[in-house]
Amino acid sequence: AGKMPSYVQRQFRLKAMGLMCLQLFVVIGIMLLVDGWNVSRSQVTSYFLSLLSFLIVVLLLLAALRSRFPLNYFLLAIVTALAGLAWGIGGKFLPDAMH
């Protein structure tokens, strides 16, 4: 088994960490936008559960198609948006149920 040159490893790490940082900032941004929405508790619960279900389906699809270049980045963008929505909406009812 051959070893990848160090510059290829470095570029891969930079790309992977850059994508993860970008994804984190986008998820936090979506969370902050969703935090300002006024929705009832029953709506929040149904939205949250449906978003989580859809997020799991898209994650499984992303895992299955991880080596298909343009499609995997598109699915990653959808996962990022759904994760931001789910975390933002989930934060509206989770702290109330903690105590």
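## Ground rules

Buried here means under 20% relative accessible area and exposed means over 50%, with partly exposed in between (1.4 Å probe, protein chains only). By that yardstick, Y73 is partly exposed at a relative accessible area of 31%.

This is a predicted model, so local features need pLDDT of at least 70 and side-chain atom pairs count only at pLDDT 80 or more, while totals for chains, interfaces and linings use all residues. Residues are numbered from 1 along each chain as its sequence is written, and side-chain values use heavy atoms, with hydrogens and water left out.

## The largest pocket

Let's start with the open space. Rolling a probe the size of a water molecule over the atoms shows where empty space is left. A pocket, on a 1 Å grid over the protein atoms alone, is an open set of points where a 1.4 Å probe fits, with protein on both sides within 12 Å along at least five of seven lines; lining residues have an atom within 4 Å of a point. Grid points are joined across faces, edges and corners, and the volume is the space filled by probe spheres set on the points.

The largest pocket holds about 260 Å³ of space. Its lining is made of F12, K15, A16, L19, L62, A63, R66, F69, N72, Y73 and L76. Three helices, α1 (6-35), α2 (41-64) and α3 (69-97), each put in at least two of the lining residues; helices are DSSP runs (H or I, at least four residues), numbered from the N terminus. Sorted by class, the lining has eight nonpolar, one polar and two charged residues. For that count, Ala, Val, Leu, Ile, Met, Phe, Trp, Tyr, Cys and Pro are nonpolar, Asp, Glu, Lys and Arg are charged, and the others, Gly among them, are polar.

## The second largest pocket

The runner-up has a volume of about 160 Å³. Lining the second largest pocket are L19, L22, Q23, V26, Y73, L76, A77, T80 and A81. Here α1 and α3 are the elements that give two or more residues, and α3 has the largest share, with five. The class count for this lining is seven nonpolar, two polar and no charged residues.

## Around F69, N72 and Y73

A pair of aromatic rings is described by the distance of the centres and the angle of the planes. The structure has one aromatic pair. F69 and Y73 make it, edge-to-face, at 5.5 Å centre to centre with 75 degrees between the planes. Rings of Phe, Tyr and Trp (its six-membered ring) pair if their centres lie within 6.5 Å; planes under 30 degrees apart are stacked, over 60 edge-to-face and the rest tilted. Both residues sit in α3, four residues apart, about one turn of the helix. F69 is exposed, at 59% relative accessible area.

N72 also belongs to α3, but it is buried, with a relative accessible area of 15%. Leaving out residues up to four places away in sequence, N72 touches L62, L65, R66 and S67, where contact means heavy atoms within 4.5 Å.

## Helix α2 and the α1-α2 loop

The 24 residues of α2 should span 34 Å at 1.5 Å a residue, and its end C-alpha atoms are 35 Å apart, which agrees. The expected span is 1.5 Å times one less than the number of residues. Buried residues in α2 include V44, F48, L51, L55, V58 and L62. L60 is in α2 too, yet counts as exposed at 59% relative accessibility.

N38 lies in the loop between α1 and α2 and is exposed, at 79% relative accessibility. N38 and K92 are 54 residues apart in sequence and 9.6 Å apart in space, C-alpha to C-alpha.
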